[in-house]
Amino acid sequence: MTADWRPGATLDTLRLRARLLARVRAFFAARGVLEVETPLLSVAGSTDPALASLRTAYHGPGLPAGQPLYLHTSPEFPMKRLLAAGSGPIYQVARVFRDGEAGGRHNPEFTLLEWYRPGWGIDQLMAEVEQLVTGLYEGAQPLPDTRRYPYRALFQEYLGLDPLVASVAELRTCAETAGIRPPAGMPADDPDPWCDLLLTHRIEPRLGPGLVFLYDYPASQAALARLKPGEPAVAERFELYWDGLELANGFHELGDAAEQRARFVADNHKREAQGLPAMPLDERLLAALEQGLPDCSGVALGLDRLLMRLAGLDRIDQVLAFAVDRA
């Protein structure tokens, strides 16, 4: 049987991808944002329990046993090292890798547009994300007005519970009442995976039409974001959806090296509790944070998913030349 060698995307879609990349670069060039490149490989993998890093090994001089290396899940850490070195505003179009992710909206290798704005808060960055996406849109009908909602408010409106204080038992009951079958291994003491389950199954499908920003995520989902003072505390984090499809994730970036180290260690404890390997910490990032990260906000936007919406397509393999099943 002859292997199917043909691309998954049409040539018209690949031409649209090329125009998209050219217009993204023009957008940032007009705003004085520097394009950078950073390595795909790192000695540190992602500690996030929700992400799985692809691993390889480098066998070079003085390394007979090989140096473990990880294909990055995001260019964030080396870009923050550039920010700490005084780069000013920067962006990158990067190929990134996440093991175990394949399906209608996922491919283990995909393209992220990531950028950082020193001196900006997330409100300014959300406005720029909106300007970029609406400026790339070429549809015959105008997009509906962009809407912004606090994460907490949508849970209260759609599900009748408060995600900032709800117990795992309450979240589980809400999922079971809606007929959602949780995947195996859901934790009995961590509400975040249950919130994610409800968000993806009950809230995201109701976020269309057009662009919707969610912001003020639970503090436990801060990852690399600063916390906003208050009770209960929330993360200075936002996500962008287009017709219910998540496109972007942004933070007011955490600059405290000690706090970042503590979060990495806590992530590894969660990984071990879930039977996942602990990951080596990025000591170079932590050293850069100790030196001083400028106050900044940053965002990662999935260009393949954006292309899906711009082209009116439903599957990520329709916008990739060769998805993982054709690699």
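K80 is buried, with a relative accessible area of 2%, where buried means under 20% relative accessible area, exposed means over 50%, and partly exposed lies in between (1.4 Å probe, protein chains only). Its partner E253 is buried as well, at a relative accessible area of 1%.

Before going on, I should say that this is a predicted model, in which local features need pLDDT of at least 70 and side-chain atom pairs count only at pLDDT 80 or more, while totals for chains, interfaces and linings use all residues. Residues are numbered from 1 along each chain as its sequence is written, and side-chain values use heavy atoms, with hydrogens and water left out.

K80 and E253 form a salt bridge, with their closest N and O atoms 2.7 Å apart; the term means a side-chain nitrogen of Lys or Arg within 4 Å of a carboxyl oxygen of Asp or Glu. Because K80 lies in helix α2 (residues 76-84) and E253 in the loop between β11 (245-252) and α7 (257-273), the pair ties together parts that are 173 residues apart in sequence. Helices (H or I, at least four residues) and strands (E, at least two) are DSSP runs, numbered from the N terminus.

Across the whole structure, a search finds 20 salt bridges. One of them joins R17 and D304, at 2.6 Å from N to O, and this pair links R17 in helix α1 (residues 11-30) with D304 in helix α9 (residues 303-311), 287 residues apart. Both R17 and D304 are buried.

What about R152, which forms a salt bridge with D162: is R152 buried or partly exposed? At 29% relative accessibility, R152 counts as partly exposed, whereas D162, at 15%, counts as buried.
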